[in-house]
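Let's take a friendly walk through one protein model. Keep the 3D view open and follow along as the text moves from sheets to helices and on to the ligand.

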Amino acid sequence: MKIGTPKEVFDGENRVAMTPDSALQLQKLGYDCVIETGAGLAAGFSDATYEAAGVEIAATAASLWQESNIIAKVRPPSDAEAEWLTADKTLISFFYPASNKELMDLCASKGASVIAMDMVPRISRAQKMDALSSMANIAGYRAVIEAGNNFGRFFTGQITAAGKVPPAKVLVVGAGVAGLAAIGTSTSLGAITYAFDVRPEVAEQVESMGAEFVYLDFEEEQQDGAATGGYAAVSSPEFAAAQLAKFRELAPDIDIVITTALIPNREAPELWTEDMVKAMKPGSVIVDLAAERGGNCKLTVPDEKIVTDNGVTIIGYTDFPSRMATQSSTLYATNIRHMMTDLTPEKDGNPVHNMEDDVIRGATIAHASEVTFPPPPPKVK
Ligand code: NAD
(Lines give C-alpha, C1' and ligand atoms only; values in the text may rest on other atoms or scores of the structure.)
Protein backbone atom coordinates (compact mmCIF):
# COMPACT_ATOMS: atom_id res chain seq x y z
CA MET A 1 0.00 0.00 0.00
CA LYS A 2 0.98 3.60 -0.43
CA ILE A 3 1.55 6.27 2.24
CA GLY A 4 1.36 9.84 0.99
CA THR A 5 2.12 13.22 2.54
CA PRO A 6 0.66 16.41 1.07
CA LYS A 7 2.03 19.93 1.43
CA GLU A 8 0.33 21.54 4.45
CA VAL A 9 -2.37 23.97 3.36
CA PHE A 10 -2.71 25.87 6.67
CA ASP A 11 -1.33 29.39 6.24
CA GLY A 12 2.24 29.69 7.57
CA GLU A 13 2.62 25.99 8.46
CA ASN A 14 6.18 24.90 7.71
CA ARG A 15 6.14 21.37 9.05
CA VAL A 16 5.84 18.19 6.98
CA ALA A 17 4.70 14.76 8.19
CA MET A 18 7.22 12.64 6.23
CA THR A 19 10.99 13.12 6.04
CA PRO A 20 13.44 11.24 3.82
CA ASP A 21 14.54 9.27 6.92
CA SER A 22 11.03 8.37 8.01
CA ALA A 23 10.24 7.32 4.43
CA LEU A 24 13.12 4.83 4.51
CA GLN A 25 11.67 3.33 7.71
CA LEU A 26 8.15 3.23 6.27
CA GLN A 27 9.48 1.35 3.24
CA LYS A 28 10.98 -1.24 5.62
CA LEU A 29 7.40 -1.78 6.84
CA GLY A 30 6.45 -2.68 3.28
CA TYR A 31 4.91 0.63 2.18
CA ASP A 32 5.53 2.69 -0.94
CA CYS A 33 5.91 6.39 -0.16
CA VAL A 34 4.77 9.43 -2.11
CA ILE A 35 5.03 13.13 -1.31
CA GLU A 36 3.53 16.21 -2.95
CA THR A 37 6.15 18.27 -4.76
CA GLY A 38 7.62 20.97 -2.49
CA ALA A 39 5.91 19.59 0.65
CA GLY A 40 9.17 19.41 2.60
CA LEU A 41 10.85 22.59 1.35
CA ALA A 42 9.90 24.87 4.25
CA ALA A 43 11.25 22.25 6.66
CA GLY A 44 14.53 21.93 4.75
CA PHE A 45 13.80 18.76 2.73
CA SER A 46 13.93 19.11 -1.05
CA ASP A 47 12.17 16.85 -3.55
CA ALA A 48 15.60 15.50 -4.52
CA THR A 49 16.30 14.28 -0.95
CA TYR A 50 12.97 12.43 -0.95
CA GLU A 51 13.66 10.93 -4.37
CA ALA A 52 17.06 9.75 -3.14
CA ALA A 53 15.21 7.98 -0.31
CA GLY A 54 12.98 6.17 -2.82
CA VAL A 55 9.96 8.45 -2.48
CA GLU A 56 7.77 9.16 -5.49
CA ILE A 57 6.91 12.83 -6.10
CA ALA A 58 3.26 13.70 -6.82
CA ALA A 59 2.74 16.77 -9.00
CA THR A 60 -0.47 17.96 -7.31
CA ALA A 61 -2.34 17.62 -4.03
CA ALA A 62 -5.27 16.03 -5.85
CA SER A 63 -3.12 13.27 -7.35
CA LEU A 64 -1.38 12.69 -3.99
CA TRP A 65 -4.68 12.22 -2.16
CA GLN A 66 -6.06 10.11 -4.97
CA GLU A 67 -3.19 7.63 -5.16
CA SER A 68 -2.46 7.28 -1.40
CA ASN A 69 -4.12 4.63 0.76
CA ILE A 70 -2.81 6.28 3.92
CA ILE A 71 -2.41 10.04 4.16
CA ALA A 72 -0.05 11.35 6.85
CA LYS A 73 -0.14 15.08 7.53
CA VAL A 74 0.39 17.57 10.36
CA ARG A 75 -2.67 19.82 10.64
CA PRO A 76 -6.28 18.59 10.59
CA PRO A 77 -7.54 18.36 6.99
CA SER A 78 -9.23 21.36 5.41
CA ASP A 79 -12.82 20.75 4.35
CA ALA A 80 -11.60 20.46 0.75
CA GLU A 81 -9.03 17.84 1.78
CA ALA A 82 -11.62 15.89 3.78
CA GLU A 83 -13.75 15.73 0.64
CA TRP A 84 -10.96 13.67 -0.99
CA LEU A 85 -11.26 10.93 1.64
CA THR A 86 -12.87 7.64 0.62
CA ALA A 87 -13.84 4.45 2.45
CA ASP A 88 -10.54 2.72 1.63
CA LYS A 89 -8.33 5.54 2.99
CA THR A 90 -6.80 6.19 6.41
CA LEU A 91 -5.90 9.70 7.51
CA ILE A 92 -3.29 10.29 10.26
CA SER A 93 -2.89 13.87 11.55
CA PHE A 94 -3.45 16.14 14.51
CA PHE A 95 -7.23 16.59 14.67
CA TYR A 96 -8.42 17.96 18.08
CA PRO A 97 -11.74 16.10 17.71
CA ALA A 98 -13.44 17.80 20.69
CA SER A 99 -13.20 21.15 18.88
CA ASN A 100 -13.65 19.82 15.32
CA LYS A 101 -16.86 17.85 15.51
CA GLU A 102 -18.25 18.79 12.08
CA LEU A 103 -14.98 17.91 10.38
CA MET A 104 -14.92 14.58 12.22
CA ASP A 105 -18.50 13.85 11.09
CA LEU A 106 -17.53 14.70 7.50
CA CYS A 107 -14.52 12.31 7.58
CA ALA A 108 -16.65 9.55 9.13
CA SER A 109 -19.36 10.07 6.50
CA LYS A 110 -16.74 9.34 3.82
CA GLY A 111 -16.10 5.96 5.48
CA ALA A 112 -12.41 6.75 6.06
CA SER A 113 -10.47 5.75 9.17
CA VAL A 114 -8.99 8.70 11.02
CA ILE A 115 -6.20 8.48 13.58
CA ALA A 116 -5.76 11.68 15.62
CA MET A 117 -2.15 12.03 16.79
CA ASP A 118 -3.34 14.31 19.62
CA MET A 119 -5.47 11.45 20.98
CA VAL A 120 -2.63 8.94 21.46
CA PRO A 121 -3.04 7.78 25.08
CA ARG A 122 -0.26 9.14 27.30
CA ILE A 123 0.90 5.78 28.58
CA SER A 124 4.49 4.51 28.65
CA ARG A 125 4.02 2.11 25.72
CA ALA A 126 2.81 4.96 23.50
CA GLN A 127 5.52 7.51 24.33
CA LYS A 128 7.23 6.91 20.98
CA MET A 129 4.04 8.09 19.25
CA ASP A 130 3.34 10.99 21.61
CA ALA A 131 3.40 13.86 19.13
CA LEU A 132 1.91 16.30 21.65
CA SER A 133 4.99 15.82 23.84
CA SER A 134 7.35 16.07 20.85
CA MET A 135 5.83 19.43 19.91
CA ALA A 136 5.59 20.68 23.53
CA ASN A 137 9.28 19.93 24.03
CA ILE A 138 10.14 22.06 20.99
CA ALA A 139 7.79 24.86 22.07
CA GLY A 140 9.40 25.02 25.52
CA TYR A 141 12.90 25.20 24.07
CA ARG A 142 11.95 27.77 21.44
CA ALA A 143 10.12 29.93 24.02
CA VAL A 144 13.42 30.49 25.83
CA ILE A 145 15.31 31.16 22.59
CA GLU A 146 12.59 33.64 21.55
CA ALA A 147 12.77 35.31 24.97
CA GLY A 148 16.57 35.60 24.65
CA ASN A 149 16.21 37.12 21.22
CA ASN A 150 14.00 39.85 22.66
CA PHE A 151 15.98 40.38 25.88
CA GLY A 152 18.77 42.91 25.87
CA ARG A 153 21.15 41.09 28.22
CA PHE A 154 22.99 37.80 28.77
CA PHE A 155 21.28 34.87 30.46
CA THR A 156 24.41 33.92 32.35
CA GLY A 157 26.21 36.14 34.83
CA GLN A 158 29.68 37.25 33.77
CA ILE A 159 32.64 39.04 35.24
CA THR A 160 34.32 40.90 32.41
CA ALA A 161 37.03 43.55 32.13
CA ALA A 162 34.23 46.00 31.42
CA GLY A 163 32.33 45.12 34.55
CA LYS A 164 30.18 42.56 36.33
CA VAL A 165 27.03 41.34 34.62
CA PRO A 166 24.28 39.81 36.78
CA PRO A 167 22.56 36.62 35.56
CA ALA A 168 19.03 36.88 34.19
CA LYS A 169 16.21 35.61 36.38
CA VAL A 170 13.67 33.40 34.62
CA LEU A 171 10.36 32.14 36.01
CA VAL A 172 8.66 29.19 34.30
CA VAL A 173 5.00 28.78 35.22
CA GLY A 174 3.74 25.23 34.64
CA ALA A 175 6.24 22.37 34.64
CA GLY A 176 4.66 19.89 32.20
CA VAL A 177 6.49 18.81 29.05
CA ALA A 178 6.90 22.33 27.61
CA GLY A 179 7.73 23.85 31.00
CA LEU A 180 10.42 21.28 31.74
CA ALA A 181 11.97 21.87 28.31
CA ALA A 182 11.98 25.61 29.01
CA ILE A 183 13.56 25.05 32.43
CA GLY A 184 16.30 22.85 30.93
CA THR A 185 17.05 25.40 28.22
CA SER A 186 17.07 28.31 30.65
CA THR A 187 19.39 26.66 33.18
CA SER A 188 21.72 25.48 30.42
CA LEU A 189 22.04 29.09 29.24
CA GLY A 190 23.03 30.02 32.77
CA ALA A 191 19.98 31.94 34.00
CA ILE A 192 18.79 31.70 37.58
CA THR A 193 15.61 29.75 36.96
CA TYR A 194 12.52 29.45 39.14
CA ALA A 195 9.53 27.25 38.38
CA PHE A 196 6.06 26.80 39.75
CA ASP A 197 3.38 24.18 39.17
CA VAL A 198 0.21 23.28 41.03
CA ARG A 199 1.32 19.64 41.00
CA PRO A 200 3.86 19.31 43.81
CA GLU A 201 5.20 16.02 42.44
CA VAL A 202 7.14 17.94 39.77
CA ALA A 203 9.26 19.82 42.35
CA GLU A 204 11.89 17.08 42.36
CA GLN A 205 12.18 17.12 38.55
CA VAL A 206 12.46 20.91 38.56
CA GLU A 207 15.21 20.83 41.17
CA SER A 208 17.08 18.02 39.40
CA MET A 209 17.36 20.34 36.39
CA GLY A 210 19.08 23.02 38.44
CA ALA A 211 16.06 25.28 38.92
CA GLU A 212 14.40 26.36 42.16
CA PHE A 213 10.81 25.27 42.81
CA VAL A 214 8.64 28.09 44.11
CA TYR A 215 6.64 26.92 47.13
CA LEU A 216 3.55 28.72 48.44
CA ASP A 217 2.86 29.36 52.11
CA PHE A 218 -0.25 27.30 51.72
CA GLU A 219 -0.56 24.05 53.60
CA GLU A 220 -4.18 22.96 53.21
CA GLU A 221 -4.42 22.13 49.54
CA GLN A 222 -1.95 20.49 47.22
CA GLN A 223 -3.18 18.98 44.00
CA ASP A 224 -2.98 15.25 43.74
CA GLY A 225 -1.92 14.76 40.13
CA ALA A 226 -2.40 11.01 40.36
CA ALA A 227 -6.14 11.58 40.91
CA THR A 228 -6.48 13.40 37.57
CA GLY A 229 -4.29 11.14 35.44
CA GLY A 230 -1.21 13.32 35.94
CA TYR A 231 -2.98 16.49 34.77
CA ALA A 232 -3.81 19.62 36.76
CA ALA A 233 -7.35 20.44 37.91
CA VAL A 234 -8.81 23.87 38.59
CA SER A 235 -7.35 25.32 41.79
CA SER A 236 -9.51 26.44 44.73
CA PRO A 237 -10.01 30.24 44.96
CA GLU A 238 -7.83 30.32 48.08
CA PHE A 239 -4.98 28.45 46.39
CA ALA A 240 -5.25 30.62 43.27
CA ALA A 241 -5.10 33.75 45.43
CA ALA A 242 -2.00 32.50 47.25
CA GLN A 243 -0.37 31.73 43.89
CA LEU A 244 -1.12 35.20 42.54
CA ALA A 245 0.21 36.80 45.74
CA LYS A 246 3.48 34.89 45.30
CA PHE A 247 3.79 35.93 41.64
CA ARG A 248 3.05 39.55 42.57
CA GLU A 249 5.96 39.38 45.03
CA LEU A 250 8.30 37.93 42.37
CA ALA A 251 7.29 40.16 39.42
CA PRO A 252 9.59 43.20 40.06
CA ASP A 253 12.63 40.94 40.30
CA ILE A 254 12.04 38.58 37.33
CA ASP A 255 13.47 39.35 33.86
CA ILE A 256 11.78 36.65 31.82
CA VAL A 257 8.52 34.78 32.42
CA ILE A 258 7.62 31.70 30.38
CA THR A 259 4.04 30.59 31.01
CA THR A 260 2.88 27.10 29.99
CA ALA A 261 0.01 26.40 32.44
CA LEU A 262 -2.93 24.47 31.03
CA ILE A 263 -5.82 22.45 32.38
CA PRO A 264 -7.26 19.85 29.96
CA ASN A 265 -10.35 21.00 28.01
CA ARG A 266 -10.46 24.49 29.56
CA GLU A 267 -9.34 27.98 28.78
CA ALA A 268 -5.85 28.70 30.13
CA PRO A 269 -5.91 29.99 33.73
CA GLU A 270 -5.01 33.66 34.03
CA LEU A 271 -1.91 33.74 36.21
CA TRP A 272 0.10 36.81 35.19
CA THR A 273 -2.12 39.84 35.71
CA GLU A 274 -1.89 43.37 34.34
CA ASP A 275 -0.46 44.74 37.60
CA MET A 276 2.28 42.08 37.53
CA VAL A 277 3.24 43.17 33.99
CA LYS A 278 3.30 46.79 35.20
CA ALA A 279 5.53 45.83 38.12
CA MET A 280 8.17 44.27 35.83
CA LYS A 281 11.31 46.15 34.81
CA PRO A 282 11.55 47.70 31.32
CA GLY A 283 13.24 45.23 28.96
CA SER A 284 11.62 42.21 30.62
CA VAL A 285 10.06 39.56 28.40
CA ILE A 286 7.00 37.33 28.77
CA VAL A 287 6.50 34.36 26.45
CA ASP A 288 3.00 32.95 26.79
CA LEU A 289 2.86 29.39 25.49
CA ALA A 290 -0.80 29.19 26.52
CA ALA A 291 -1.74 31.96 24.03
CA GLU A 292 -3.75 29.64 21.79
CA ARG A 293 -6.06 28.78 24.71
CA GLY A 294 -6.54 32.40 25.83
CA GLY A 295 -3.16 32.96 27.47
CA ASN A 296 -1.86 32.82 31.04
CA CYS A 297 -0.99 36.51 30.86
CA LYS A 298 -3.86 39.00 30.83
CA LEU A 299 -2.24 41.17 28.14
CA THR A 300 -1.19 38.44 25.69
CA VAL A 301 -2.39 38.89 22.12
CA PRO A 302 -2.41 35.49 20.34
CA ASP A 303 0.00 35.32 17.38
CA GLU A 304 1.47 38.75 18.16
CA LYS A 305 4.44 40.32 19.88
CA ILE A 306 3.54 43.50 21.77
CA VAL A 307 5.54 45.92 23.90
CA THR A 308 3.72 47.51 26.84
CA ASP A 309 4.00 51.19 27.86
CA ASN A 310 6.45 50.21 30.58
CA GLY A 311 8.70 48.39 28.08
CA VAL A 312 7.74 44.75 28.69
CA THR A 313 7.69 42.54 25.57
CA ILE A 314 4.86 39.98 25.52
CA ILE A 315 5.09 37.21 22.93
CA GLY A 316 1.93 35.25 22.13
CA TYR A 317 3.03 33.28 19.08
CA THR A 318 1.10 30.03 18.67
CA ASP A 319 3.35 28.41 16.07
CA PHE A 320 6.58 27.68 17.94
CA PRO A 321 7.01 24.12 16.53
CA SER A 322 6.50 25.46 12.99
CA ARG A 323 9.25 28.01 13.65
CA MET A 324 11.64 25.06 14.11
CA ALA A 325 10.23 23.08 11.22
CA THR A 326 13.23 20.84 10.54
CA GLN A 327 13.33 19.61 14.14
CA SER A 328 9.58 19.34 14.60
CA SER A 329 9.08 17.57 11.26
CA THR A 330 11.80 15.08 12.15
CA LEU A 331 10.22 14.24 15.51
CA TYR A 332 6.63 14.26 14.20
CA ALA A 333 7.52 12.05 11.23
CA THR A 334 9.17 9.64 13.67
CA ASN A 335 6.02 9.60 15.84
CA ILE A 336 3.98 8.77 12.70
CA ARG A 337 6.44 6.06 11.69
CA HIS A 338 6.06 4.42 15.13
CA MET A 339 2.27 4.58 14.76
CA MET A 340 2.64 2.81 11.39
CA THR A 341 4.88 0.18 13.00
CA ASP A 342 2.11 -0.62 15.49
CA LEU A 343 -0.46 -0.63 12.68
CA THR A 344 1.63 -3.04 10.57
CA PRO A 345 2.47 -6.07 12.76
CA GLU A 346 3.48 -8.22 9.78
CA LYS A 347 5.67 -5.50 8.17
CA ASP A 348 3.93 -6.34 4.90
CA GLY A 349 2.64 -2.91 3.88
CA ASN A 350 -0.86 -3.80 5.06
CA PRO A 351 -2.24 -1.88 8.05
CA VAL A 352 -4.31 -3.83 10.57
CA HIS A 353 -6.66 -1.47 12.37
CA ASN A 354 -6.89 -3.45 15.62
CA MET A 355 -9.57 -1.75 17.69
CA GLU A 356 -8.70 -4.07 20.63
CA ASP A 357 -5.33 -2.30 20.94
CA ASP A 358 -5.60 0.48 23.57
CA VAL A 359 -3.35 2.89 21.71
CA ILE A 360 -4.89 2.41 18.25
CA ARG A 361 -8.42 2.47 19.71
CA GLY A 362 -7.68 5.60 21.76
CA ALA A 363 -6.35 7.53 18.79
CA THR A 364 -9.00 6.39 16.27
CA ILE A 365 -11.79 8.95 15.97
CA ALA A 366 -13.51 7.57 12.86
CA HIS A 367 -13.64 3.99 11.59
CA ALA A 368 -15.96 1.95 9.39
CA SER A 369 -18.26 4.93 8.78
CA GLU A 370 -18.71 5.55 12.53
CA VAL A 371 -17.43 8.36 14.72
CA THR A 372 -15.41 6.53 17.40
CA PHE A 373 -14.65 9.56 19.59
CA PRO A 374 -14.52 9.78 22.53
CA PRO A 375 -12.83 6.42 23.16
CA PRO A 376 -14.05 4.23 26.02
CA PRO A 377 -12.21 4.76 29.34
CA PRO A 378 -8.97 2.74 29.59
CA LYS A 379 -9.42 -0.84 30.77
CA VAL A 380 -8.47 -1.45 34.41
CA LYS A 381 -5.70 -4.03 34.38
P1 NAD B 1 -0.28 20.49 30.12
O2 NAD B 1 0.27 21.03 28.84
O3 NAD B 1 -1.69 20.01 30.15
O4 NAD B 1 -0.13 21.59 31.29
C5 NAD B 1 1.10 22.21 31.53
C6 NAD B 1 1.40 22.30 33.00
O7 NAD B 1 0.63 23.35 33.58
C8 NAD B 1 1.08 21.06 33.82
O9 NAD B 1 2.27 20.63 34.46
C10 NAD B 1 0.05 21.56 34.84
O11 NAD B 1 0.18 20.92 36.10
C12 NAD B 1 0.39 23.01 34.92
N13 NAD B 1 -0.65 23.89 35.49
C14 NAD B 1 -1.99 23.85 35.32
N15 NAD B 1 -2.59 24.84 36.01
C16 NAD B 1 -1.60 25.54 36.61
C17 NAD B 1 -1.55 26.70 37.47
N18 NAD B 1 -2.67 27.29 37.85
N19 NAD B 1 -0.36 27.13 37.89
C20 NAD B 1 0.78 26.51 37.51
N21 NAD B 1 0.82 25.42 36.73
C22 NAD B 1 -0.36 24.94 36.28
O23 NAD B 1 0.68 19.35 30.66
P24 NAD B 1 1.54 18.27 29.86
O25 NAD B 1 2.84 18.82 29.53
O26 NAD B 1 0.70 17.73 28.76
O27 NAD B 1 1.74 17.18 31.00
C28 NAD B 1 0.69 16.84 31.89
C29 NAD B 1 0.94 15.47 32.53
O30 NAD B 1 0.99 14.44 31.57
C31 NAD B 1 2.24 15.39 33.31
O32 NAD B 1 1.99 14.61 34.47
C33 NAD B 1 3.14 14.64 32.40
O34 NAD B 1 4.18 13.96 33.06
C35 NAD B 1 2.16 13.67 31.80
N36 NAD B 1 2.64 13.15 30.52
C37 NAD B 1 2.78 11.80 30.37
C38 NAD B 1 3.26 11.29 29.17
C39 NAD B 1 3.41 9.82 28.96
O40 NAD B 1 3.42 9.04 29.88
N41 NAD B 1 3.50 9.38 27.73
C42 NAD B 1 3.58 12.15 28.14
C43 NAD B 1 3.42 13.52 28.33
C44 NAD B 1 2.93 14.02 29.52
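## Sheets, helices and a ligand shell

Strands S14 and S15 (residues 313-315) run antiparallel and are joined by three bridges. Helices (H or I, at least four residues) and strands (E, at least two) are DSSP runs, numbered from the N terminus. Within this pair, Val-307 has Thr-313 of S15 as its bridge partner.

Before going further, note that this is a predicted model, in which local features need pLDDT of at least 70, side-chain atom pairs count only at pLDDT 80 or more, and totals for chains, interfaces and linings use all residues. Residues are numbered from 1 along each chain as its sequence is written.

The S14 and S15 strands belong to an open sheet of seven strands with mixed pairing, in the order S11-S10-S9-S12-S13-S15-S14. Its edge strands are S11 (212-213) and S14 (305-307), each of which pairs on one side only. Two strands pair if DSSP finds at least two bridges between them.

Another open sheet has eight strands, ordered S3-S2-S1-S4-S5-S6-S16-S17, again with mixed pairing. Why is one side of S3 (56-58) and of S17 (370-371) left without a neighbour in the sheet? Both strands stand at the edges and have a single partner strand each, so one side of each stays free of a neighbour there. Inside this sheet, S5 (residues 90-93) and S6 (residues 113-116) run parallel, joined by four bridges. Ile-92 has Ile-115 in S6 as its bridge partner.

Now look at helix H12 (residues 325-343), which packs with H6 and also meets helix H1 (residues 20-28). Axes are lines fitted to C-alpha atoms, for helices over the stretch in contact, and angles run from 0 to 180 degrees between N-to-C directions.

| Helix pair | Angle | Axes |
|---|---|---|
| H6 and H12 | about 165° | 9 Å apart |
| H1 and H12 | roughly 5° | within 9 Å |

H6 and H12 are therefore roughly antiparallel (an angle over 145 degrees). In the contact between them (C-beta atoms, placed from the backbone, within 7 Å), Ala-131, Ser-134, Met-135 and Ile-138 of H6 meet Gln-327, Ser-328, Leu-331, Tyr-332 and Asn-335 of H12. By class, this contact of H6 with H12 has five nonpolar, four polar and no charged residues. Here Ala, Val, Leu, Ile, Met, Phe, Trp, Tyr, Cys and Pro count as nonpolar, Asp, Glu, Lys and Arg as charged, and the others, Gly among them, as polar.

H1 and H12 are therefore roughly parallel (an angle under 35 degrees). Ser-22, Gln-25 and Leu-26 of H1 make this contact with Ala-333, Thr-334, Ile-336, Arg-337 and Met-340 of H12.

Which residues come nearest to the ligand? Of the 30 residues around the ligand (C-beta atom, placed from the backbone, within 6 Å), these are Gly-174, Gly-176, Gly-230, Ala-232 and Ala-261. Helix H6 (131-149) and helix H7 (177-188) are the elements that give two or more residues to this shell. H7 gives the most, with three residues. The shell has 16 nonpolar, 10 polar and four charged residues.

Finally, two backbone details. Most residues other than glycine have a negative phi, and most peptide bonds are trans. Asn-265 has a positive phi of about 60° although it is not a glycine, and Asn-265 lies in the loop between S12 (256-259) and H10 (274-279). A cis peptide bond, with omega about -5°, joins Phe-373 and Pro-374, and Pro-374 lies in the segment after S17.

Key:
Parallel < 35°, antiparallel > 145°, perpendicular 65-115°, else oblique. Contact = placed C-beta atoms within 7 Å.
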